[in-house]
Amino acid sequence: MLENLLTPETRTDPYPFYRQVFDRGPVFEAADRFFVVSGFEEASALLKNPAFGHSEPEVLPDPHENEPVDDQGRVVRSFLGLDPPDHTRLRRLVSKAFTPRMVEQLAPRVEELAKELVFKAVERGEFDLMTEVAKPLPVVVISELLGVPLADRDRFERWSDAMGRALDPAFLIAPETVEAAVAARREFVGYFRELAAERRKRPTGDLFSDLVSVSDEGDRLSEGELVATAMLLLVAGHETTTNLIGNGVLALLDNPEQHRKLAEDRSKIPNAVEEMLRFDSPVQLTMRIALRDTTIGGLPVGEGAQAVLLLGAANRDPRAYERPDRFDVDRPSPRHLALGQGIHFCLGAPLARLEGRTLFDTLLGTGRAFRRTADPVWVKQVTLRGMESLRLEFA
């Protein structure tokens, strides 16, 4: 059934398919010990339920030199893919370096970059939103924050794209996609290992230097944990925002009355950004495993069973939203699951929101109307929803 997610029609617009899934029930067992969750309350409850978590890290008997493993031979993951107590420890350490104050201090630089990118687009008249605005803004911000050279941006994007394509559930991924992701991860690891060695010798005051030195009662990040964290921040630090910008602009173009409202009253932008996250979520699904016998939406779930949470479907649950398929910048306090829930709520949410608000304020502040000049080109994956290209022109 979920193979339908791979069709070109569903990649372009997955929401009719999600409605079919939801109509079977907000939770149902699609195959033996495999559950599909598409209801808002059910998905929210599962994400906050400690009875659900992640699989154990893979054990590599003969690891590649650029594959960090712990003393038990297990692949070192970022805290995003771990359960307590490992998740608790790592997230606490990273939070000491990646602070709300640090994000607040980025606001002037984010505004400067947004103006530079948008004004260049205005001068050109016709441009590709994704390659010329939506991708560069968060990539430059997170690169500068981590203290990695912007000259390496093309490599980061190539590695990130390869790893992002492997985020889909295993049964939806081609073997060559996995191979490309593994190769990209190893290149990433080698790069950050060298950078970590430099920062230990000569700290430069950036976030990566802080991560190298951060401690909590004597606890520090191991080299593998440091590298895995840096990779997570770099990849997640731009993928979500890039797709928020692209999907949000497309929603405005497809809903001209909402576009006009927002252009006339930019004080609505913070609420509109939340509606964009709900309406066309940058992250469409996630997976969990039952760590012990439990329930989902009243259904019994045995230990070891898998659950796929269709976040894009949950964010349009008609029980949770009035007219869920309508994009409405005035929707009262739009709750959504686009940034997660519970212990895995997105650590970078404040930065993604800052970048999204700033970019839309800058774009709409030009006073120039814009329109599509070609159909959008969607990325060929299902976990992350976004476009490779969206060509626009200013009037």
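Colleague: In which loop does Arg-33 lie?
Modeller: The model is predicted: local features need pLDDT of at least 70, side-chain atom pairs count only at pLDDT 80 or more, and totals for chains, interfaces and linings use all residues. Residues are numbered from 1 along each chain as its sequence is written, while side-chain values use heavy atoms, with hydrogens and water left out. Helices (H or I, at least four residues) and strands (E, at least two) are DSSP runs numbered from the N terminus. On that numbering, Arg-33 lies in the loop between S1 and S2.

Colleague: What is the phi of Arg-33?
Modeller: Most residues other than glycine have a negative phi. Arg-33 belongs to the hairpin of S1 and S2, which has 2 residues between the strands. Its phi is positive, in a residue other than glycine, and is near 60 degrees.

Colleague: Does Arg-33 count as buried, exposed or partly exposed?
Modeller: Buried means under 20% relative accessible area, exposed over 50%, and partly exposed in between (1.4 Å probe, protein chains only). The relative accessibility of Arg-33 is 38%, so this residue counts as partly exposed.

Colleague: Which way do the side chains of S2 point, and are they buried or exposed?
Modeller: In a regular strand the side chains alternate between the two faces of the sheet. In S2 (residues 34-37), Phe-34 and Val-36 point one way, and Phe-35 and Val-37 the other way. The accessibility of these four residues puts them all in one class, buried.

Colleague: In which sense does S2 pair with S10?
Modeller: Strands of a sheet pair through backbone hydrogen bonds, either parallel or antiparallel; two strands pair if DSSP finds at least two bridges between them. S2 is antiparallel to S1 (residues 27-31), over 4 bridges, and there Ala-31 has Phe-34 as its bridge partner. Towards S10 (residues 306-310), Val-36 has Val-308 as its bridge partner. The 4 bridges that join S2 to S10 belong to two strands that run parallel.

Colleague: Which strands stand at the edges of the sheet that contains S2, S10 and S7?
Modeller: This open sheet of 5 strands has the order S1-S2-S10-S7-S3, with mixed pairing. Each edge strand has a single partner strand, so one side of each is left without a neighbour in the sheet, and these strands are S1 and S3. Further inside the order, S7 (residues 285-290) is joined to S10 by 5 antiparallel bridges, with Leu-285 opposite Leu-310. The edges, once more, are S1 and S3.

Colleague: What angle does the direction of H3 make with that of S10?
Modeller: Helix H3 (residues 40-47) packs on this sheet and touches S1, S2, S3, S7 and S10, contact meaning heavy atoms within 4.5 Å. Axes are lines fitted to C-alpha atoms, for helices over the stretch in contact, and angles run from 0 to 180 degrees between N-to-C directions. On this basis the angle between H3 and S10 is about 125 degrees.

Colleague: In the sheet of S4, S14 and S11, how large is the average twist from one strand to the next?
Modeller: The 3 strands form an open sheet in the order S4-S14-S11, with antiparallel pairing. S4 (126-128) and S11 (370-372) are the edges, each with a single partner strand, so each has one side without a neighbour in the sheet. From one strand to the next, the twist averages 30 degrees.

Colleague: What is the bridge partner of Phe-370 in S14?
Modeller: S11 and S14 (residues 391-394) run antiparallel and are joined by 3 bridges. In S14, the residue that bridges to Phe-370 is Phe-394.

Colleague: Is Asp-83 buried or exposed?
Modeller: Asp-83 is placed in the loop between S3 (52-53) and H4 (86-97). Leaving aside residues up to four places away in sequence, Asp-83 touches Gly-53, His-54 and Leu-291. With a relative accessible area of 17%, Asp-83 is buried.

Colleague: Which peptide bond is cis, with omega near 5 degrees?
Modeller: Most peptide bonds are trans. The cis bond leads to Pro-85, a residue of the loop between S3 and H4. It is the bond from Pro-84 to Pro-85.

Colleague: Is Arg-323 buried or exposed?
Modeller: Arg-323 is placed in the loop between H15 (311-314) and H16 (349-365). Although not a glycine, Arg-323 has a positive phi of about 50 degrees. Its relative accessible area is 56%, so Arg-323 is exposed.
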